[in-house]
Amino acid sequence: MTTDFKILTHLNGTHLHLKLVGTFDAVSGRQLIRLLRKHVHKVSTVIIHTGSVNRIPFPQDEFRNDLVSLQGQPVRFIVTGEHASLFN
């Protein structure tokens with residue numbers, strides 16, 4: 001588990017911006033999924049900025065499975081940055 005990860009959040013009307021900063025490990029992935037589950041019913045669009053992620057040191061299968069369950073919700077996900085492919 002790393003301690004250098006944080007999620008900066010900004011709500012702009014019905015758009016939730018999430019900026020991921022630091023090392024994105026398995027614990028960070030679960031933290032992001034919990035945050036998304038909390039807000040997915042309150043917004044129309046979630047924009048995830050990955051440009052400040054410096055490393056992804058874990059297998060992403062579990063994270064992607066959790067993410068797929070959220071993508072069935074009536075919310076649009078937009079992912080930007082160098083690590084956007086993690087969310088495909």
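Two strands count as paired if DSSP finds at least two bridges between them. Strands (E, at least two residues) and helices (H or I, at least four) are DSSP runs, numbered from the N terminus. This is a predicted model: local features need pLDDT of at least 70, side-chain atom pairs count only at pLDDT 80 or more, and totals for chains, interfaces and linings use all residues. Residues are numbered from 1 along each chain as its sequence is written, and side-chain values use heavy atoms, leaving out hydrogens and water.

**The sheet.** Select the 4 strands. They form an open sheet, order 1-2-3-4, with mixed pairing. Strand 1 (6–12) and strand 4 (76–80) stand at the edges; each has a single partner strand, so one side of each lacks a neighbour in the sheet. From one strand to the next, the twist averages 15 degrees (axes are lines fitted to C-alpha atoms, for helices over the stretch in contact; angles run from 0 to 180 degrees between N-to-C directions).

**Strands 1 and 2.** Add residues 15–23, strand 2. Strand 2 runs antiparallel to strand 1, joined by 7 bridges. Pick Leu-8: its bridge partner in strand 2 is Lys-19.

**Helix 1.** Now select residues 26–39. Helix 1 lies across strand 1, strand 2, strand 3 (45–55) and strand 4, at about 170 degrees to strand 2.

**Helix 2.** Show residues 61–71. The axes of helix 1 and helix 2 come within 10 Å and cross at roughly 5 degrees. The two helices are therefore roughly parallel (angles under 35 degrees). Contact means heavy atoms within 4.5 Å. In helix 1, look at residues including Leu-32, Ile-33 and Leu-36; helix 1 meets helix 2 residues, among them Phe-63, Leu-67 and Leu-70.

Definitions and conventions: Angles under 35 degrees count as roughly parallel, over 145 as roughly antiparallel, 65 to 115 as roughly perpendicular and the rest as oblique.
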